[in-house]
Each structure stands twice: as structure tokens, then as C-alpha cells.
Amino acid sequence: MTKSEKQHYDKIARIGCSLCKFVLGYDDTPAEIHHIRRSGKRFNAPVIALCPEHHRGNTGIHGYGRKQFERVYGTTEEALLAKTLELI
Ligand SMILES: [Zn+2]
Ligand SMILES: [Zn+2]
């Protein structure tokens, strides 16, 4: 990871969990970085912040899988990314 990537990730993580914030209405939930996979590439993938539960938990994006996650919460990864990018 380059220094500028790390700074970018830190900025995004500081926003807090994007699902908690934009969809559930909880501010500043401590979050970790989730890479959005587009065409299977991880390098330079766009990232959003998700709290440990919404990231790796049973009700999170990896627990449910993206399709189920998007159905349950009525949002999409791309929508969370768009809202995240508005804030940084
Ligand atoms: Zn969350
Ligand atoms: Zn992830």
C-alpha cells in the first residue's frame, strides 16, 4: 500500500460505517475498509468503510454476500460508495 492510498483509506475509515451512517442513521460507528470488487480486480479497487459487523459479521456484506446484503438493507455498494465520496 502506498502512502497516499493509506491516507485515502484513513479518511474513509474516519467517516465511520457507511451502512450505519447513510442507511441506519447511526453516526461514527468505528469502521474498517471494504474493497468493492469490480471485474474481479482488487488492485486500486474503490473502498467504503463498514463496521466489523456490517463487514465480516453474519449480517454483513461478506456474511450475506453482496446480493443479499443489498436486498436486506435496500441499498447498493455503489450507492454507499457514491455517498462516501461526497464526504471526502
Ligand atoms: Zn455498520
Ligand atoms: Zn470486505
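Guide: A nonpolar core is a set of buried Ala, Val, Leu, Ile, Met, Phe, Trp, Tyr and Cys residues joined through side-chain atoms within 4.5 Å. Buried means under 20% relative accessible area, exposed over 50%, and partly exposed in between (1.4 Å probe, protein chains only). The model is predicted: local features need pLDDT of at least 70 and side-chain atom pairs pLDDT 80 or more, while totals for chains, interfaces and linings use all residues. Residues are numbered from 1 along each chain, chains are lettered from A and ligands numbered from 1 as written, and side-chain values use heavy atoms, without hydrogens or water.

Visitor: How many residues make up the largest nonpolar core?
Guide: The members include C17, L19 and C20, as well as F69, Y73, L80 and L81. Helices α2 (18-24), α5 and α6 and strand β2 (47-50) each supply at least two of the core's residues (helices are DSSP runs of H or I, at least four residues; strands are runs of E, at least two). With I36, I48, L50, C51 and I61 also in the set, the number of residues is twelve.

Visitor: What arrangement do the four donor atoms around the zinc ion (ligand 1) have?
Guide: C17, C20 and C51 each give an SG atom and H54 gives its ND1, at 2.0 to 2.3 Å from the zinc ion (donors are N, O and S atoms within 2.8 Å of the metal, or 3.2 Å for Na, K and Ca). C17 and C20 are both buried, and the two also belong to the largest nonpolar core. Four donors count as tetrahedral if all angles lie between 85 and 135 degrees. The angles here are 99 to 118 degrees, so the arrangement is tetrahedral.

Visitor: What spacing do the donors of the zinc ion (ligand 1) follow along the chain?
Guide: The donor residues are C17, C20, C51 and H54. Written along the chain, the spacing is C-x2-C-x30-C-x2-H.

Visitor: Which residues coordinate the zinc ion (ligand 2)?
Guide: The donors follow the spacing H-x20-H-x6-H along the chain. Two of these histidines link distant parts of the chain: H34 in strand β1 (residues 32-35) and H62 in helix α4 (residues 61-64), 28 residues apart. Using ND1 of the residue named first and NE2 of the other two, at 2.0 to 2.1 Å, the coordinating residues are H34, H55 and H62.

Visitor: Is H62 buried or exposed?
Guide: H34, which coordinates the zinc ion (ligand 2) along with H62, has a relative accessible area of 4% and is therefore buried. H62 has a relative accessible area of 52%, so H62 counts as exposed.

Visitor: How many salt bridges does the structure hold?
Guide: A salt bridge is a side-chain nitrogen of Lys or Arg within 4 Å of a carboxyl oxygen of Asp or Glu. One of them joins D27 and K21 at 2.8 Å, N to O. D27 is exposed at 54% relative accessibility, whereas K21 is partly exposed at 23%. The number of salt bridges in the structure is five.

Visitor: Which residues do salt bridges that share partners join into one network?
Guide: E70 meets R66 at 3.4 Å; the two are four residues apart in helix α5 (residues 66-73), so about one helical turn separates them. R66 also meets E77 at 3.9 Å, and because E77 lies in helix α6 (residues 77-87), this pair ties together parts eleven residues apart in sequence. E70 is buried at 16% and E77 at 7%, while R66 is partly exposed at 45%. The network joins R66, E70 and E77.

Conventions. Four donors count as tetrahedral if all angles lie between 85 and 135 degrees; four count as square planar and six as octahedral if opposite donors are over 155 degrees apart and all others between 65 and 115; anything else is irregular.
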